[in-house]
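Visitor: Could you walk me through this structure, please? I have a few questions about its ligand shell, core and sheet.

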Amino acid sequence: MTTRIERHHYDVVVIGAGGAGLRAAIEARLAGKRTAIISKSLFGKAHTVMAEGGAAAAMGNVNSRDNWMVHFGDTMRGGKFLNNFRMAELHAKEAPERIWELETYGALFDRTKDGKISQRNFGGHEYPRLAHVGDRTGLELIRTLQQKIVSLQQEDFAETGNYDARIRVFSETTITELLLDGDKVAGAFGYYRESGEFILLEAPAIVLATGGVGRSYKVTSNSWEYTGDGHALALRAGATLINMEFLQFHPTGMVWPPSVKGILVTESVRGDGGILKNSDGKRFMFDYVPDVFRRQYAETAEEADRWYKDPDNNRRPPELLPRDEVARAINSEVKAGRGTKAGGVLLDIASRLPAEEIQRRLPSMYHQFKELADVDITKEPMEVGPTCHYVMGGVEVDPDSAAAFGHVQGLFAAGEVSGGMHGSNRLGGNSLSDLLVFGKRAGEHAAAYTETLAKRPKVATGDVESAVDAALAPLSREGGENPYTLQHDLQVVMGDLVGIIRREGELSDALKRLQELKVRVANVGATGGRLYNPGWHLALDLRNMLIVSECTAKAALEREESRGGHTREDHPKMSPQWRLVNLVCSLDDGGDVHLERKPVPKMRAELIKLFDRTELSKYLTVEELAEYDEVVGEAK
Ligand SMILES: Cc1cc2nc3c(=O)[nH]c(=O)nc-3n(C[C@H](O)[C@H](O)[C@H](O)COP(=O)(O)OP(=O)(O)OC[C@H]3O[C@@H](n4cnc5c(N)ncnc54)[C@H](O)[C@@H]3O)c2cc1C
């Protein structure tokens, strides 16, 4: 029996309808390309919509000392100098323009008294920098980008009589394979979640914008669709992934009740004055300021509290250290027996701001705790603990064009699925701006790439048949393993052995168990048919989760130091030698993960000069410092 496959032809296919995907699609359409947007979940329901705190952009509206150079410095510092410097530079320079542009699309950010876009404090940012809409910034971002897409569709309708003529959204559609013609992208294959029918989109350029990988962990802020699909699609297409060992465990997820464990408690709570206390009532973060940050952070509660009103003459509260530091501190307090019964610590905003102010600034948090935990955050503290939140690692890309490295052409990646920009740790608020800056670049360069081709790459019939067979396999397997059991077992391995604190023995053990899981996942089965069947969908997601988890575990075992979102108990220090190394994953012919060390690109002279020597000496090797001295010497 032949299987029915719906076929479409586009110039650019964007996989993912979060901020990165929508911004990329807008740009490709503005370049005149026929563009498709594919979304695994409902249109508008990407992670981007859940972003609460804001988008970081050095507009200098609240503190005029802010500018792109300070933002660049903070981003590099936050990423512990492992960031791709060019990405961090482009991001810091272009973020303000991307935010202002959103207002031309119809966004309306909160205002300062004099009518400028308001900006709030966040961990690791020297000045108030996050443009925001209460604590629902992601919603405004997605709403505006969708509105822009609708307006483009209306333009197309006026011209052609067809709304979908140049930009079309395929929602609740999952891509399972990328199809190639030699080393060139030729299309994407997937299925409609509701009907289980197959779809083939032929296109010479594909932008991956599929977001994160959090569902390989049990305690996570990520929703069901974040199974690392884009990462795995890239690998299977011949692209490379960079620095997959770096996962961000956000310090404040809900810990109670168990059914909501992991749901995010926005950093804005701390940005707006919230403090962390242990079960003895001690404000413990003062005990956890690492040497590299000591000069920037307050030593007493009095100084920390003064900072909120007078940031120019006081140092920042330690609650606003980068997320990796705060997550580790909470972990240590709980481990030392100073946590709450449910295994968290207390986050107190109730004693810091009047109730009306809390409700005005943090309406979503107020409702979240009231509805889910029966806690009134204007009266009592919240119970919080670390939750797997964000992956810094991702598709290795050219910083300027967002084109994927490796043995594939026509593949681009932007947003959380791409790697490099955030180094070993992302600062809060830097994701929303990253999506806009690199989403736009990816769309623009994908469109331009299609014009360089002498002929359109062709999809091979055999490849489509293989994609169909792979998709149907779990449904036809008699006695296959239950996908939910497999996901649970994977989450146990990753949570217990590749979690927030890592050790050599446990990582080796994790790799062994992942190999065993690989064999079991190859035998995964799903009951029922193709009509809306979540068990089947998970069975297909599992091989992506597994491959991405293998990358994380392998790289985590290889990197013998602690940096940002990678903490090795057996190698607790940051090593200047390891700062020179990116760990890059590819797939070998047998489909196994191959790990390679590559040098971290060297920062240009005018950028390295933005940092002072004392600070750099905590990160760089002796040889690098000598080069720095030469550069600075020449400038004098
Ligand atoms: C609760 C929460 C709060 C956050 N708050 C902030 C904040 O305040 N500031 C900040 O900067 N960052 C924040 N972040 C992080 C930020 O929201 C994300 O990193 C960012 O939104 C990722 O955007 P993206 O466009 O890369 O992908 P996403 O918005 O995650 O979208 C991914 C898209 O890809 C689709 N997709 C995935 N796989 C497939 C597939 N196989 N086929 C088809 N489609 C697929 C999904 O359905 C979705 O449409 C927060 C994250 C969470 C979870």
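Guide: Happy to, and one definition comes up front: two residues are in contact if their C-beta atoms, placed from the backbone, lie within 7 Å. The model is predicted, so local features need pLDDT of at least 70 and side-chain atom pairs pLDDT 80 or more, while totals for chains, interfaces and linings use all residues. Residues are numbered from 1 along each chain as its sequence is written.

Visitor: Which residues is phenylalanine 412 in contact with, leaving aside neighbours within four places in sequence?

Guide: Phenylalanine 412 is among the residues with the most contacts inside the largest nonpolar core. Such a core is a set of buried Ala, Val, Leu, Ile, Met, Phe, Trp, Tyr and Cys residues joined through C-beta atoms within 7 Å. Leaving aside those neighbours, the partners of phenylalanine 412 are Ala205, Val207, Leu208, Ala402, Ala403, Ala404, Ala442, His445 and Ala446.

Visitor: Which helix gives the most to the largest nonpolar core?

Guide: That core has 182 residues, and Val207 and Leu208 are also among those with the most contacts inside it. Helices (H or I, at least four residues) and strands (E, at least two) are DSSP runs, numbered from the N terminus. With 14 residues, the top contributor to this core is helix 15 (residues 534–558).

Visitor: Which helix gives the most to the shell around the ligand?

Guide: The ligand is surrounded by 43 residues, where near means a C-beta atom, placed from the backbone, within 6 Å of the molecule. Helix 1 (19–30), helix 4 (137–160), strand 8 (173–181), helix 5 (229–236) and helix 11 (430–450) each supply at least two of the shell residues. The one that gives the most, with 4 residues, is helix 11.

Visitor: What is the bridge partner of leucine 241 in strand 17?

Guide: An open antiparallel sheet has its 4 strands in the order 17-12-19-20, where strands pair if DSSP finds at least two bridges between them. Strand 12 (residues 241–242) is joined to strand 17 by 2 bridges. In strand 17, leucine 241 is partnered by valine 395.

Visitor: Why does valine 395 count as buried?

Guide: The cut-offs are 20 or more other C-beta atoms within 10 Å for buried, 12 or fewer for exposed, and partly exposed in between, with C-beta atoms placed from the backbone. Valine 395 counts as buried because its C-beta neighbours inside 10 Å number 29.
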